[in-house]
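Please look through the structure shown below. The text after it covers some loop residues, a pair of helices and a set of buried side chains.

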Amino acid sequence: MYEEPLLRVRNLHKHFGPGCHQCREATDRKLEKNYCPACGTVYACQDVSFDLFPGEILGIVGESGSGKSTMMQCLYFDADVTSGEVYLNDPVFAGQNVLELSSQKKRYIRNHKYGMVYQNPIQGLKMNFSSVGNIAEKLIAAGDRNVSNMEATSKKLLESVHIPLFRMKDEPRNFSGGMQQRVQIAKALSNNPPVLFLDEVTTGLDLSVQANVLDLIKKIQRESGISMIVVSHDLAVIRMLSDRTVVMLNGTVIEEGLTDQILEDPQAAYTQQLVYSLI
Ligand code: ADP
Ligand code: MG
């Protein structure tokens with residue numbers, strides 16, 4: 001069955017630094033891993049392309065420093081790309097590179113089409129707001145104005161991520177790491193976005209807590225049909241969650257395919273290493 005991708009990411013580039021005569025030309029760049037030894041410019045993302053299809057969980061795996069977070073920040077408009085295109089299959093934005101839209105339209109997309117769960121909950125939550133207040137903030141951004149409505153929606157969302165009712169007015173700073181991530185997930189889902197980005201959502205959590213959060217993500221995806229991009233350095237996490245997987249190394253995509261295929265028959269030497277280290 002042929003389906004239009006929900007998100008098309010094409011030739012995304014992001015570098016940090018001025019570049020020099022040794023590295024400016026993409027075709028014969030001599031880099032050490034992802035940086036230019038002559039001028040120190042970091043090529044965090046080089047020519048990253050992939051599709052996200054409706055209702056799938058796409059995994060992005062790669063070692064620390066491979067450019068995963070930079071890529072997510074660019075997709076979520078937290079950072080500007082050096083160059084590249086992203087197309088969202090939405091009647092309003094059809095055929096437009098959303099990276100080139102006005103900041104007002106980007107804000108609209110963030111508020112209505114995207115949800116983001118950061119590795120560090122401090123980036124995604126106001127630690128001194130109540131959990132309900134954190135969700136209400138996103139609901140207001142998405143245009144909600146009815147206070148009792150917002151409170152009811154927030155409670156329902158927090159319930160769905162298993163935050164007990166009596167803690168809903170608590171501030172996330174008083175929560176454990178696993179609970180903070182669950183509040184972030186509830187907040188990210190509050191505007192019913194078609195696309196959810198999750199960056200290392202379980203990194204740093206205890207294994208049992210990690211398993212809980214991963215189960216929750218799977219359950220949410222099954223029940224809502226939302227499309228997700230899940231980034232992790234840990235292939236075990238990606239294996240658990242994703243239908244298809246993109247492997248990144250030094251800012252580039254080195255392999256992609258069905259997760260099962262990649263696990264059974266990894267092509268790139270780096271992917272082989274990743275897969276064998278799982279066993
Ligand atoms: P990952 O999420 O895969 O661990 P990152 O996207 O965080 O990788 O980082 C990719 C590369 O970009 C790394 O080499 C990192 O040091 C570099 N980098 C990230 N942010 C900046 C920045 N603001 N300035 C300079 N270099 C950066
Ligand atoms: Mg990262």
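**Loops, a helix pair and buried residues**

His162 sits in the loop that links H5 to helix H6 (177–189). The model is a predicted one, and in it the phi of His162 is near 65 degrees, a positive value in a residue that is not glycine.

A second loop, between H6 and strand S6 (195–199), holds Asn192. Asn192 is not a glycine either, yet its phi is positive, at about 50 degrees. Is Asn192 buried or exposed? Its relative accessibility is 67%, and because the cut-off for exposed is over 50%, Asn192 counts as exposed.

The helix that precedes the loop of His162 is H5, which spans residues 147–160 and pairs with helix H4, residues 131–141. The two axes come within 9 Å of each other and cross at roughly 120 degrees. The crossing of H4 and H5 is right-handed. On the H4 side, the residues in contact are Ser131, Val132, Ile135, Ala136, Leu139 and Ile140. They meet Met150, Glu151, Thr153, Ser154, Leu157 and Leu158 of H5. Sorted by class, this contact comprises eight nonpolar residues, three polar ones and one charged one.

H4 also takes part in covering another helix, H2. Which residues are buried in helix H2 (residues 103–112)? They are Lys106, Ile109 and Asn111. The cover over the buried residues of H2 includes strand S4 (83–88) and strand S5 (114–117) in addition to H4. H4 thus appears in two settings: in the crossing with H5 and in the cover of H2.

Notes
Residues are numbered from 1 along each chain as its sequence is written. Chains are lettered from A and ligands numbered from 1 in the order in which they are written. This is a predicted model: local features need pLDDT of at least 70, side-chain atom pairs count only at pLDDT 80 or more; totals for chains, interfaces and linings use all residues. Side-chain values use heavy atoms; hydrogens and water are left out. Axes are lines fitted to C-alpha atoms, for helices over the stretch in contact, and angles run from 0 to 180 degrees between N-to-C directions. Helices (H or I, at least four residues) and strands (E, at least two) are DSSP runs, numbered from the N terminus. A crossing is left-handed if the near helix is turned anticlockwise from the far one by less than a right angle, and right-handed if clockwise. Contact means heavy atoms within 4.5 Å. Ala, Val, Leu, Ile, Met, Phe, Trp, Tyr, Cys and Pro count as nonpolar, Asp, Glu, Lys and Arg as charged, and the others, Gly among them, as polar. Buried means under 20% relative accessible area, exposed over 50%, partly exposed in between (1.4 Å probe, protein chains only).
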